[in-house]
Amino acid sequence: MLFLLAVITVSAHFEGGNIGKVEHLSPTHLRCSLVGQVDQDGRNRQANWYYFRIDGAKNRELILDLVSLPGEYNYQPNRGAVTKATVPVFSNDNVKWTFADRVEYDATEPRLRIFVKPTSDKFWIAHTPPYTNQHLSRLMRNARRNPAFKVEEIGRSVHNRPLYIWTITNPEIPEADKKVIWLMARQHSWETFTSWVAEGAIQFLLSDSTNAKRLRNQAIWKILPAADPDGMAAGGVRYNANGYDLNRNWDVSNPRAMPEVTAQKSAILKWVDAGHALHLFLSMHNTETAEYLEGPPNEDGRFLTLGRQLFELLKSKTAFFPSRDISYASRTTTEGKPGRMTVVQGLWQVRQLPAFLTEQRVSAQPGSQRLLSVEDRVKYGQQLVEVMYESVSTVRQ
Ligand SMILES: [Zn+2]
């Protein structure tokens, strides 16, 4: 009997999708190049976002080699962010994601080899569970039914997508009695887990639980859900549509090249310059294997107590598993070069704000070797807002 096997095809023509050249080494062995992304000067290449669909491979044993991984970070060359530690995720419905159970990493090329037997005719593979503008719109649509949720458009991206601030608070309680806490997700489009954490935080803050009511009564939550909707649509890595890193460039103003930084920074400054309080600001990021909390330059030591409190509470009450003690940023990431300040550094420079940055790893937790799923990240979002509130309510500022 002759079986005619369908040709296996790879595509990424959907929101957030991205894969480069695909070579068929055999009918079931594919070599897939990552596109990666470079900055406005063609430097700092990062190649760690892939999200593609495989058609026609149900129940066939496949080998997928991910290549073209090396890059640069802060102008230092590296072998790439995709390694054995970054376990790909699979889905047979583009909704629920599971971790791959077998990969091999060859450091010499370098190359990540994925062994997979798709369980459906359409099968999706990604670096981390995707979170696109569609996810964000759905979250916003549902949240808007709640009177404690307010949406404000603060500007537009390079490709004219709206940028938002979301506010969550009980509007019936006066502001003077409340703490003000800012939470920022997704400055970099590949870092999808920060969006899952933000979604968990928002769903919890809008829920009927007693703790959530308390957090709405006693705090104003200002959420910047996404800096780079263009990157989220196009399957970008860490730069906006013009190549600018949205977590650098907080010391320069160029609304044409990077309207996203301008919009977010203006919104924050508008808030504080109108006399509103800002007790804590946290920008969330993902890395491959490191996990940490970094505070503002803090040259006068005024946020050391707050930072220590936040760090210790995160460690003891959440899934935060730091790879080092809390640290404080220097004034810039690259001395003497404009456009190299992070949000933390930029906000310190202009208003000495208590802005922190946290990185959460995508690799397994040390010790347990557990990989944190979407559900774990959503739960972390709830824990995070509780701990942020506890930090600001127990530390005098
Ligand atoms: Zn980042």
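In this predicted model, helix α8 (residues 374-394) lies across four strands, β15 (179-184), β16 (219-224), β17 (280-287) and β20. The helix runs at about 145° to β15.

These strands belong to an open sheet of eight, and a walk across it meets them in the order β13-β14-β16-β15-β17-β20-β18-β19. The pairing within the sheet is mixed. Its edges are formed by β13 (149-156) and β19 (327-328), each of which pairs on one side only. Helix α1 (residues 133-143) also packs on the sheet, where it touches β13 and β14 (162-168); the direction of α1 makes about 40° with that of β14.

Further along the sheet, β18 (residues 292-295) and β20 (residues 355-361) pair in the antiparallel sense, with three bridges between them. Here L293 stands opposite T358 in β20. Leaving aside residues up to four places away in sequence, L293 touches T358 together with L282, G307, L310, F311, L314, F320, D325, I326, S327, F356 and L357.

L293 also leads us to the nonpolar interior. The largest nonpolar core holds 61 residues, and L293 is one of the six that touch the most other members, along with W166, W221, F356, L384 and M388. Domain 1 (9-126) and domain 2 (133-394) both contribute residues to this core, which therefore lies between them. A second core, separate from this one, has 31 residues, among them L163, A227, A267 and V344. In soluble globular proteins, nonpolar side chains tend to be buried together.

Key: Residues are numbered from 1 along each chain as its sequence is written. This is a predicted model: local features need pLDDT of at least 70, side-chain atom pairs count only at pLDDT 80 or more; totals for chains, interfaces and linings use all residues. Side-chain values use heavy atoms; hydrogens and water are left out. A nonpolar core is a set of buried Ala, Val, Leu, Ile, Met, Phe, Trp, Tyr and Cys residues joined through side-chain atoms within 4.5 Å. Buried means under 20% relative accessible area, exposed over 50%, partly exposed in between (1.4 Å probe, protein chains only). Domain bounds come from an automatic or database domain assignment. Contact means heavy atoms within 4.5 Å. Two strands pair if DSSP finds at least two bridges between them. Helices (H or I, at least four residues) and strands (E, at least two) are DSSP runs, numbered from the N terminus. Axes are lines fitted to C-alpha atoms, for helices over the stretch in contact, and angles run from 0 to 180 degrees between N-to-C directions.
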